[in-house]
Structures are given as structure tokens and as C-alpha cells.
Amino acid sequence: MKLAPTIRTYIENHIRERGYKLQQFSDVTGVNVGTLSAILKGSRPLAMNQLDQITSGMGLEKGYFYEMYSVECFVESAPHWRRLEPFLYRCAELNKLGCIKKVVYQVTDDRSYISELFEMAENWYSKEMNEAALILYECVAAGEKYQHSERLALCQYRIFLLHKTMSKFDNLAAAVQLEPYIEKLDEEIQLDAVKDLANVYNTIHHWDKVYELAEELERKVDFQLELQSRRRKNRKRTAFYPIFTYKAYANLLKASVCEACKQYEKALEYTDVYVTVIEISNPTEEEQELIERFKGWAEGNRYLYHLMNGNHEVIEPYLNYLDANPHEILIAFVNIVQAANQHSLDIDSVLDRFEPYIKQFNTDMHLKGTYNMQMLNHRYIRFYYELGKYRLNQQRYATGIDTLLMSLELSSSSNDDLMSIKSIDLYGKFRMYVTNQQDEQYTRLIEGLSSQNFGIRIKSV
């Protein structure tokens, strides 16, 4: 049986092929000649920095030997953390995720490394080395699955945050996985976890669950605010935001649920609540920034709720608000066009006024990866659906169908089945007006949905 070559074999072959003396190779790599001799004889282990120096001296790419190194040093022999730690860091820096997986799944059999791996994962998470961090969190969670510890709960929360994708089904599964661990988290971090759960359910339109989590969030905030009044002032905050803002956000969530249920008067009441909540004395710079953000949301949402309730006189001040707050234009126009369809309004002049911003949607709409991007993508889907419907109702069939197909393409790519169904249904009502080219595009999109088990997913809902 032929033995697999070792790193030492590669080095020896390189020295022989180049005709180097050991001193010459030492000069090229910068590794002490005595150290090189001991490494080649097998009497001294090869350290990470020496491996990198030798790799560079041989003219090979960074990390060339990492796969072999992981097997020789950490799989076939018992690893020591002093050697393992720098190796994992270098793998993370070079995105050698396969090496990380191979090693950490090997060493998590030894629970003595769990604490170090968790601390490393937290460090990588803070540096946004997310893919590498996720591997460690999953390994730690697997090693701690019977411990019911706060560390396990925090791993599950981080996994939830890092697993969120463009697929609502993936995000729902991640949310269900996280929920049993919420109460094991640090009490302030629970506020972030509940908020993030509510946001996921918001994107999949599970309104009863959003409202339930908003109520839970408000209860937890009230408890924390009561504790805060008794604690020392210099205690470090573990929640991401100032505590009072979570109470404001809970009421913002309730208002969004009422909006979705077309209970606009009730939505206005919750808006008044969160505006009252943010009225605090002597705010810090951070708090003042968040207060201004909530005030901005409240102003825009009040215009929105009045508009959706049939008060068309707010359109002009709403547009003036958008001029001053262009980052709100996308979500505002979803609702403006929806209101136009609902109340048979002519908003051509409004669309013309904001045409440069609307054209920009076309370049930004194909988003991937994170939960915030998923929310934005859903808004693009809704905007193009409502705009297509508006143009079709105005008998501008060519542009209306093109716009509707944009909505269908986006909903197909992000597995948004509800919006796919709505787009397909509306397309069917106006199919007599489509061109052959449009029908070919529609057919391709439908075939794409079929290949994604669209029908199976619908039956399972």
C-alpha cells in the first residue's frame, strides 16, 4: 500500500530538485537551519509560522499545506490548543473552511476544548468572520446539547443570526430551532433575540406570532427597566440597544401587525405609544440618535396609515417627508401604489416625481444573504407587484406585464410563494394582452418554480 506523501516529503523533494544545501534553503525561508534539520528528521514539530515561511520560500500559495497539516497535526495525533489555536485563526483568515471543519469536529470529542472554541467563535463573530464562526458555534452546540447552559443558548442564537437567508422556509426553521433557548440567554440579550424572532415572523407574515412576540418583548423590557432602576449606573449593558428602545420597538411591531390587518386606527394608537416611550430626559448621543429614528418612523407611518385609511390629502405632505427621508422611499411607494390600487387613485405625477429613485430600485433589487436583505427584497417584490397591477388597471398592458414579471422573477428566486401565487394569478387575468416574448419569460419562470418544488411547498403550508 502506497503511503500518502507528508509535508516533510514535499520539502525534501523541493530541496533536492532545486539542488539546495540546507543552509541555502534556510536563507530562502528564513527558518533557522538547526530548526529545519530537526523538522526534517521528525524530532521537532512544525509550527504554524514555520510552515508559512517554508510555504512562501517554496513559492507556493498561502495555506497550500493546510489540508495536510490538519491531518498530520490534529487528526492523526492528539492536538494541543497552543498549536491548534493559531492554525484555526490562519484557516479563518484564508477562508479554509474545510480545514476548520475537519479539525474542530475531531477535537470536539474532547470537551476540554469547548470553552476555547466558543471564545474563538465569539471573537470571529465580532470581526464578521461569519462562515468560520458558524462552524465553531455548531460544533460547540453539538458538544453542549445536553448541558442546557447559557453558552449553548448563545450558540443557538448566533447560529440563528448567521443562518438567515433569502428563504423564508429556512428562516422559519431557524426561528423554531431558537425559540426553546430564549429563556436560557442573558436577560438583556433575550430582548435582542425576541426582537429578531419577531422580525423573521414579520417577513413571513405570521402576524399572530409577531404580535405575541411583541407582547413578550414589552413584558421583558418592563422587567428590565424595573431592574435597571435598582442597579448601579455603571453596569455594562449587554443588550445591543438602550433598553427603553425595545419597548418602543415592541409597539412599532404591534402597529405593523395592525397595518397588515388593515386596522389603521389601532396602528395610529400604537404609534402614539412608541412616540411617548422615547420621551426620556437627558438622552445620550446614542439614545438621541435612536429617538430621532423612531420619530422619523412615526411621522412616515402616520402619513401611511392615514393614506391607507382613505385620507388622500396626506399624499403631498407624505411626499415632502420622503424628499427629506429618501431611505424611506421604497417602503413608502409600496404602500402609495397599493393605496392607489385600493382607492382607484391616479398617481402618475407622483411616480414621475420620484422616477430617479424608482429606476435605482432596478439596480439594487437582486439581494442575497442576510435577513435585512430579505426584508428589502420582499419590499421590491411587493412594489413591482403593486406597480404592475396599477399599470394593468390603467390599460398599459405592455409595461404592466413587464413589471409584474419582475415581481414574479424576484418572488421565484427568493421562494416567496405567496407573492408568486399573487403574481401568477394577476398574470392570468391579463394573459390575453401579453406578447410572445413575455409569455416565454413567464413560462421559464413557472418552470423554475416547478424545479424548486413549488407545488409541494404550497401543499405543506
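This section describes helix packing, nonpolar cores, backbone angles and salt bridges in a predicted model.

Helix α2 spans residues 22–29. Three of its residues, F25, S26 and T29, are buried. They lie on the same side of α2, because they cover an arc of only 105 degrees around the axis. The buried residues of α2 pack against three helices: α1 (7–18), α3 (33–41) and α4 (48–57). After α2 comes G30, whose phi is positive, near 85 degrees.

Two packed helices are described by the angle between their axes and the distance between the axes. For α2 and α3, the angle is about 110 degrees and the axes are 9 Å apart. That angle makes α2 roughly perpendicular to α3, because values from 65 to 115 degrees count as roughly perpendicular. On the α2 side, the contact involves L22, Q23, F25, S26 and T29. On the α3 side, these residues meet V33, L36, S37 and L40. F25, S26 and T29 thus appear both among the buried residues of α2 and in the contact with α3.

In soluble globular proteins, nonpolar side chains tend to be buried together. In this model, the largest nonpolar core holds 90 residues. Within this core, Y69, F87, L88, I100, L117 and W124 touch the most other members. What does L88 touch, beyond residues up to four places away in sequence? Its contacts are W81, I100, V103, V104, L117, M120 and W124. Another core, of 55 residues, lies apart from the largest one. Among its residues are Y303, V334, V350 and Y427.

Buried positions also include a charged residue, R158. This arginine is found in helix α10, which covers residues 150–163. Is R158 buried or exposed? Its relative accessibility is 13%, so R158 counts as buried; the cut-off for buried is under 20%. Leaving aside neighbours within four places in sequence, R158 is in contact with E122, Y125 and Y137.

Backbone angles come next. Most residues other than glycine have a negative phi. H205 has a positive phi, near 65 degrees, and is not a glycine. H205 lies in the loop between α12 (189–203) and α13 (207–228). Its relative accessible area is 26%, so H205 is partly exposed. S344 also has a positive phi, near 55 degrees, in a residue other than glycine. The loop that holds S344 runs between α18 (329–343) and α19 (348–353). S344 counts as exposed, because its relative accessibility is 67% and the cut-off for exposed is over 50%.

The model contains 23 salt bridges. One of them joins the side chains of K247 and E218, with N and O 3.2 Å apart. K247 lies in helix α14 (residues 243–260) and E218 in helix α13, so the pair ties together parts that are 29 residues apart in sequence. Both K247 and E218 are buried.

A second salt bridge forms between R396 and D348, and their closest N and O atoms are 3.0 Å apart. This pair links distant parts of the chain, 48 residues apart. R396 is in the loop between α21 (371–393) and α22 (397–413), whereas D348 is in helix α19. R396 has a relative accessible area of 34%, so it is partly exposed. D348, with a relative accessible area of 25%, is also partly exposed.

A third salt bridge joins the side chains of K429 and D425, at 3.6 Å from N to O. Where do K429 and D425 lie? Both are in helix α23 (residues 417–429). They are 4 residues apart, about one turn of the helix. K429 is exposed, because its relative accessible area is 54%. D425 counts as partly exposed, because its relative accessibility is 44%.

Some salt bridges share partners, and these join E215, E218, D222, K247 and K254 into one network. The buried residues K247 and E218 are thus members of this network.

Note on methods: Residues numbered from 1 in each chain as written. Predicted model: local features only at pLDDT ≥ 70, side-chain atom pairs only at ≥ 80, totals over all residues. Heavy atoms only, no water. Helix = DSSP H or I, 4+ residues; strand = E, 2+ residues; numbered from the N terminus. Buried < 20%, exposed > 50% of the residue type's maximum accessible area, 1.4 Å probe, protein only. Contact = heavy atoms within 4.5 Å. Core = buried A, V, L, I, M, F, W, Y, C linked by side-chain atoms within 4.5 Å. Arc of directions from axis to C-beta. Salt bridge = Lys/Arg side-chain N within 4 Å of Asp/Glu carboxyl O. Axes fitted to C-alpha atoms, helices over the stretch in contact; angles between N-to-C directions. Parallel < 35°, antiparallel > 145°, perpendicular 65-115°, else oblique.
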